[in-house]
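Hello,

Here is the structure I promised to pass on to you. Have a look at it first, and then read on for what turned up in it.

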Amino acid sequence: MKTRVLTAIAAIGVLIPCLIWSDTALFPIACGIVALIALFEITGCIGVRKKWFLSGTTFVYGVFISSIVTYYFISNKSSLIPQSIFSYEKITVMILAATFAYIFLIFCFTMLSMGQIKFLQAAELIAWTLYIMFGIMSIALLRRQVAGIYLYGLVFIGAWMTDTGAYFVGVLFGKHKLIPKVSPKKTIEGAFGGILGCIAGFILYGFIMQSIDEVKVNYVSIVILAAVISVVSQFGDLVASYIKREREIKDFGFIFPGHGGVLDRFDSIIAVAPTIYFITYFTANSFPIFS
């Protein structure tokens, strides 16, 4: 217990500066580092970490995507960065090109291994790499939106409040198992508690933002978003639990003593961040959360 508490305090100590300077290059760089650590964990989980052509290509791809997102993040905020080099369209094409090249190279290396690397391993590596990179780097992209200074906080609140609500309601009222073969302790009652916890967290967050800053909050939109995000968050957690159970491991890593690895702590966030990013991106004009 002492180890878990000390680790949590240390993690908060690292997180706070990143949040304070979330409008600087520090934020996307920190997201990129977290994503690369997660890639390190998943290559070990799948069993390809020592298959250097696969893991090396995966890390290069991760660094490239992180660098592109960082460039996009700071391109309009710094006079040192020429804004005309890459347009948004070119950046999008570069990401798509890099993603295609990554998938193609992984398939080629798998074929050239002559059976030493299974195709299912390669496919799983690709799926998890894309899931991790787009999931974590979406946090930086969300911060880059017009109302990003308010929106990106919903990622952490959504994941943490869902987990908190599900835990307490599950402990107090949980009787019916949710998916016992994946996560024996989770209950249907706890799942509904997670939704209520997320809604409460979003409403409170909106009220605080409205109180300390001149921002209008659409509470109808924020409640609907909270319900969706809570469901996504819980499925993100279940997906991670499923692969750990399938691989017969307790934790993905050990970077957080007593808590596991990055994927153990960010399993819900990886699912939540891109969901909030895409929803708010496409509804920014019609149903804005903050305005």
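How far does H2 reach from its first C-alpha to its last? The distance is 30 Å for 21 residues, close to the 30 Å expected at 1.5 Å a residue. Please keep in mind as you read that this is a predicted model.

**The chain as a whole**

The chain holds nine helices and zero strands, so in order from the N terminus its elements read α-α-α-α-α-α-α-α-α. There are 291 residues, and 46% of them count as buried. Among contacts in the chain with a separation of 6 or more, 71% are between residues 24 or more positions apart.

**Around the end of H2**

Let me stay with H2 for a moment. Thr 43 is found in this helix, and with a relative accessibility of 0% Thr 43 counts as buried. Setting aside neighbours within four places in sequence, Thr 43 is in contact with Val 48, Arg 49, Ser 55, Phe 59 and Leu 125. Just after H2 comes Gly 47, which takes a positive phi of about 95°.

Gly 47 also appears in the surroundings of Gln 121, a residue of helix H5. Not counting residues up to four places away in sequence, Gln 121 touches Ile 46, Gly 47 and Val 48. Val 48 is thus a name you will meet twice, as it is on the list for Thr 43 too. Is Gln 121 buried or exposed? Its relative accessible area is 18%, and because buried means under 20%, Gln 121 is buried.

**Along H5**

Further along, Gly 135 also has its place in H5. Gly 135 counts as buried, at 1% relative accessibility. Leaving aside neighbours within four places in sequence, Gly 135 is in contact with Leu 130, Ile 270, Ala 273 and Pro 274. Another residue to look at here is Phe 266: its C-alpha atom and that of Gly 135 are separated by 9.5 Å, although the two residues are 131 residues apart along the chain.

H5 packs with H6 at an angle of about 155°, and their axes are 7 Å apart. Angles over 145 degrees count as roughly antiparallel, so that is how H5 runs relative to H6. On the H5 side, the residues that meet H6 are Ile 139, Leu 142 and Arg 143. Their partners in H6 are Gly 148, Ile 149, Leu 151, Tyr 152, Val 155 and Phe 156.

**Salt bridges**

How many salt bridges are there? The count comes to four, and here are some of them.

Arg 143, which you have just met in the H5 and H6 packing, has a side chain that meets that of Asp 23 in a salt bridge, at 3.7 Å from N to O. This pair links distant parts of the chain, 120 residues apart: Arg 143 belongs to H5 (residues 119-143), while Asp 23 sits in the loop between H1 (2-20) and H2 (26-46). Arg 143 counts as buried at 9% relative accessibility, whereas Asp 23 counts as partly exposed at 39%.

Asp 237 and Lys 186 form another salt bridge, with their closest N and O atoms 2.6 Å apart. Here too distant parts of the chain are linked, 51 residues apart: Asp 237 is in H8 (residues 219-247), and Lys 186 is in the loop between H6 (148-173) and H7 (188-212). Asp 237 counts as buried, at 16% relative accessibility, and Lys 186 is partly exposed, at 25%.

Then there is the salt bridge of Asp 264 with Lys 244, where the closest N and O atoms are 2.8 Å apart. Asp 264 lies in H9 (residues 262-282) and Lys 244 in H8, so this pair ties together parts that are 20 residues apart in sequence. Asp 264 and Lys 244 are both buried.

**H8 from end to end**

Since H8 holds a partner in two of these pairs, its ends deserve a look as well. Asn 218 caps the N-terminal end of H8, with a side-chain oxygen 3.2 Å from the backbone nitrogen of Val 220. The 29 residues of H8 should span 42 Å at 1.5 Å a residue, and the end C-alpha atoms are indeed 42 Å apart. After H8 comes Glu 248, with a positive phi near 60°.

Enjoy exploring it!

Methods
Residues are numbered from 1 along each chain as its sequence is written. This is a predicted model: local features need pLDDT of at least 70, side-chain atom pairs count only at pLDDT 80 or more; totals for chains, interfaces and linings use all residues. Side-chain values use heavy atoms; hydrogens and water are left out. Helices (H or I, at least four residues) and strands (E, at least two) are DSSP runs, numbered from the N terminus. Buried means under 20% relative accessible area, exposed over 50%, partly exposed in between (1.4 Å probe, protein chains only). The expected span of a helix is 1.5 Å times one less than its number of residues. A polar contact is a pair of N or O atoms within 3.5 Å; within protein, one must be able to donate a hydrogen and the other to accept it, and residues adjacent in sequence count only if both atoms are side-chain atoms. Axes are lines fitted to C-alpha atoms, for helices over the stretch in contact, and angles run from 0 to 180 degrees between N-to-C directions. Angles under 35 degrees count as roughly parallel, over 145 as roughly antiparallel, 65 to 115 as roughly perpendicular and the rest as oblique. Contact means heavy atoms within 4.5 Å.
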